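User: I am new to this structure and would be grateful for a close look at one part of it.

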Amino acid sequence: MSDELAAARKAVEDARRAQADAEERLRAMEEAASARVAEPPAAQEPAPPAAQEPAPPAAPAPEPPAAEDAAVASGPLSTEAVATVRAGYAFEGRALELGVLVNGAADPSTPIRIPLGMLNRHGLVAGATGTGKTRTLQVLVEQLSAAGVPVFAADVKGDLSGIAVPGAPSPRLLERTAGIGQEWQPLAAPVELYSLGGEGIGVPIRATVTGFGPTMLAKVLGLNATQESSLGLLFAYADRQGLPLLDLKDLRELLLWLTSDEGRAELRELGGISPQTAGVILRELTTFAEQGAEQFFGEPEIDVAELLRTAADGRGLVSLLEVPGVADRPQLFSTFLIWLLAELFETLPEVGDLEQPRLVFLFDEAHLLFADASKAFLAAVTQTVRLIRSKGVGIVFVTQTPKDVPSDVLAQLGSRVQHQLRAHTPDAEQALRATVRTYPRSEYDLQQVLTSLGTGEAIVTVMDEDGVPTPVAWTRLRAPQGSMDPMPEAQMRAAVAASPLQARYGTPVDRESAYEILATRLAAAEAEAERAAAEAAATKAAKERDAAAAREAREREAEARRLEREAARGRRDSERAARDNPVVQAIRSRTGQTVIREIVRGILGTRRR
């Protein structure tokens with residue numbers, strides 16, 4: 001630890017020496033510029049006079065201008081305009097330092113700032129790729145954290161995580177910071193790392209399907225208006241039936257139940273949902289789950305109060321959502337962020353206008369949010385942006401051009417930091433002209449300035465402490481104090497492992513929900529069907545046995561009747577034969593009967609002797 005402390009002190013000393021050298025070079029450059037301005041023009045060959053007249057007295061030589069006026073003379077703004085800008089950004093209350101005015105050269109005497117309380121009125125950071133938007137976000141995040149304001153930011157490209165690591169000084173960096181009067185020192189911000197559903201290194205952020213809601217889920221699934229309405233009815237049915245929709249398999253099981261033989265009658269009772277629509281939703285849901293979205297939904301659901309914490313030293317905690325793994329699912333990513341905003345709106349109490357925000361929400365890659373959005377979704381976003389200010393939450397949208405943000409939302413954004421725009425195509429040129437028309441009047445040719453801004457420069461206008469737009473200012477922005485490189489992975493893993501939130505949200509929970517309840521119902525229905533089938537089979541077997549017994553009885557009866565008929569026929573034949581036999585006739589005669597009796601008595605020993 002002592003070696004690291006010594007190394008850090010040495011780095012700070014080196015930075016200070018480099019800054020002093022840069023300031024000395026800057027003073028030398030300014031003195032040289034002043035000397036060039038003060039030099040008299042080169043002597044010219046005198047023209048021959050037309051007449052011998054006395055030469056007029058020479059005019060007094062002008063005094064050399066001050067250093068700051070030399071910059072004014074070489075820039076697009078007049079001295080009066082610079083004074084107006086300087087007064088427009090001279091706020092009395094707490095403010096974030098964005099940078100300094102550029103008017104030909106950087107003017108450290110004219111700082112460009114934004115009142116801390118005005119971040120409740122939201123803002124926009126725009127500009128083409130590679131113009132310095134991410135560094136502007138770092139500057140905002142670092143100063144908000146230093147002011148005790150918690151910040152939530154989504155790190156789409158993975159390079160915002162450097163705010164958790166002190167920056168490294170370099171001659172180029174210190175020369176830039178000295179040129180704008182910034183006393184730069186390396187400093188790390190307190191950071192809590194999150195990941196979307198556990199896909200990544202950070203603490204998992206999850207949402208339940210019920211909490212996510214049908215409107216946002218319909219946008220993610222790409223449903224049309226009719227299908228979105230049907231999805232809303234499914235949510236209402238689940239609520240009435242006491243079926244918790246916690247993850248995607250719950251909603252899938254509900255759709256399978258309603259499209260099965262057992263639940264089809266309940267689907268008809270819902271009204272407005274055809275089996276075809278239910279099938280479309282089921283297919284889209286299955287595809288969505290196969291893309292890996294299953295892990296984003298479930299429990300434990302994040303408590304948004306975690307985003308409002310401060311560090312032990314009083315600085316605002318920076319909640320950084322690491323999402324490089326879901327860059328190929330932009331709709332899910334952007335819609336998930338809007339869900340967080342909606343949860344904040346539903347959870348936080350009304351506080352009105354505060355001296356500083358309770359939370360600032362940085363919405364990077366905002367164009368992903370509004371692409372192919374339904375009217376219902378846009379209405380929900382617009383209402384959230386309009387009303388969440390009274391909950392003490394400020395929103396900063398970050399995108400490439402202002403036209404990426406719908407007009408109703410753009411109208412709610414009070415502060416704007418516009419980096420360079422490029423107009424290489426007719427559409428881009430049209431977007432540039434539309435952007436220029438949205439700025440207050442100024443002495444700038446904004447169409448020309450916006451295409452010539454350097455990296456780390458922007459056109460700025462904010463709301464002053466009275467809510468009035470400030471003058472448009474060409475600004476050279478401050479350099480972040482954290483690292484401009486991503487945070488090393490080993491350090492990220494160590495920070496997440498040490499977080500108290502990992503024990504609370506790290507392990508997913510799968511309690512009984514609609515999936516288990518409906519699976520039980522379906523199993524019971526299948527068991528009942530099997531029992532009914534068994535009873536039907538037994539009844540059928542019994543009927544078959546009874547029928548066989550009846551047939552057998554009938555056959556026996558018929559056989560008995562046949563035998564009886566044959567016996568009767570035999571008796572008749574015997575009687576007929578006896579009648580025709582002389583012996584039988586003799587026996588049957590009276591004499592024959594007497595003879596027989598005598599024989600019998602003799603045999604029996606009863607005959608008299």
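Which residues are linked with R309 in a network of salt bridges? Please also describe how the pairing fits into the chain.

Analyst: The model is a predicted one. In it, R309 belongs to a network of salt bridges together with E192, E306 and R504. Within this network, R309 pairs with E192, and their closest N and O atoms are 2.9 Å apart. The two partners come from distant parts of the chain, 117 residues apart: R309 sits in the loop between α11 (275-290) and β7 (318-322), while E192 belongs to strand β5 (residues 191-196). Their surroundings can be described as well. E192 has a relative accessible area of 8% and is therefore buried, since buried means under 20%. R309, at 24% relative accessibility, counts as partly exposed.

The loop between α11 and β7 also holds E294, whose partner R252 lies in helix α9 (residues 248-258), so this pair ties together parts that are 42 residues apart in sequence. The salt bridge between E294 and R252 has its closest N and O atoms 3.4 Å apart. E294 is partly exposed, with a relative accessible area of 26%, and R252 is partly exposed at 21%.

For context, the structure holds 20 salt bridges. Another of them joins the side chains of E457 and R476, at 2.8 Å from N to O. This pair links strand β11 (residues 457-461), which contains E457, to strand β12 (residues 473-477), which contains R476, across 19 residues. E457 is buried at 7% relative accessible area, whereas R476 is partly exposed at 24%.

Technical notes. Residues numbered from 1 in each chain as written. Predicted model: local features only at pLDDT ≥ 70, side-chain atom pairs only at ≥ 80, totals over all residues. Heavy atoms only, no water. Salt bridge = Lys/Arg side-chain N within 4 Å of Asp/Glu carboxyl O. Helix = DSSP H or I, 4+ residues; strand = E, 2+ residues; numbered from the N terminus. Buried < 20%, exposed > 50% of the residue type's maximum accessible area, 1.4 Å probe, protein only.
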